Amino acid sequence: MREQLTQKDVERIEKEIEHRKLVVRKEAIEAVKEARAHGDLSENFEYHAAKKDKNKNESRIRYLERMLKTAEIISEESAPDEVGLNNTVTLYFEEDDECEDFRLVTSIRGNSLKNLISIESPLGKAVYGKKLGDRVLVPVGDGGGYYVEIRGIEKTGDDGSDTIRSY
């Protein structure tokens, strides 16, 4: 599956790759060299731990590079009354008779504990691109679901600027 990333996500990933290659990789190689100098490698815990850390870093670099190669770049732009990326949306849950705020983000930044909902999650898919006042079905399981109504959209730039509220 192709990751959907914004241009800002791509830039963040490129920075992480660069940091891992230029800083973390050098530190990991030095740690392996230093641990190797302690003698017998078969019983050298520091050596095995340093090798493990080095391999984890290399694995993360490969993962991020693969993600960038296959990623689909998507826009953060949306109409003023439309739910888009990095928008905080106020949803009315009919079953609970309650409202809750969520921010729609790409899958790599999703965190439901912080109300950061991925546009690839069932709730994110249901409201992404919808208009203020729309009532939408959020599918759950085999044919079930629940309804939410879009009660508010707050347009906030990824850096926290440009706040526009629609209610």
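Which residues do ring pairs link into a cluster? In this predicted model, the cluster consists of Phe93, Phe102 and Tyr146, joined by ring pairs. A search of the whole structure yields 2 aromatic pairs. Phe93 and Phe102 form an edge-to-face pair, in which the ring centres lie 6.0 Å apart and the planes meet at 70 degrees. This pair is classed as edge-to-face because the angle between its planes, 70 degrees, falls in the range over 60. Phe93 and Phe102 are both buried.

Acidic side chains were examined next. Glu95, Asp96, Asp97, Glu98, Glu100 and Asp101 together form a negative surface patch. One member of this patch, Asp101, is located in strand S4, which spans residues 98-105. The relative accessible area of Asp101 is 41%. Asp101 is therefore assigned to the partly exposed class, as this value lies between the limits of 20% for buried and 50% for exposed residues.

A further acidic residue, Asp142, is placed in the loop that connects strand S6 (135-140) with strand S7 (144-155). Asp142 has a relative accessibility of 85% and so counts as exposed, the cut-off for that class being over 50%. With respect to His38, Asp142 is separated by 104 residues in sequence, and the C-alpha to C-alpha distance between Asp142 and His38 is 59 Å.

How values were computed
Residues are numbered from 1 along each chain as its sequence is written. This is a predicted model: local features need pLDDT of at least 70, side-chain atom pairs count only at pLDDT 80 or more; totals for chains, interfaces and linings use all residues. Side-chain values use heavy atoms; hydrogens and water are left out. Patches are made of residues with over 30% relative accessible area and no salt bridge: like charges are joined within 9 Å, nonpolar side chains (Val, Leu, Ile, Met, Phe, Trp, Tyr) within 5 Å. Accessible areas come from the Shrake-Rupley method with a 1.4 Å probe; for residues, only the protein chains shown count as cover. A salt bridge is a side-chain nitrogen of Lys or Arg within 4 Å of a carboxyl oxygen of Asp or Glu. Lys and Arg count as positive and Asp and Glu as negative; His and the chain ends are not counted. The place of a charge is taken as NZ of Lys, CZ of Arg, CG of Asp or CD of Glu. Helices (H or I, at least four residues) and strands (E, at least two) are DSSP runs, numbered from the N terminus. Buried means under 20% relative accessible area, exposed over 50%, partly exposed in between (1.4 Å probe, protein chains only). Rings of Phe, Tyr and Trp (its six-membered ring) pair if their centres lie within 6.5 Å; planes under 30 degrees apart count as stacked, over 60 as edge-to-face and the rest as tilted.
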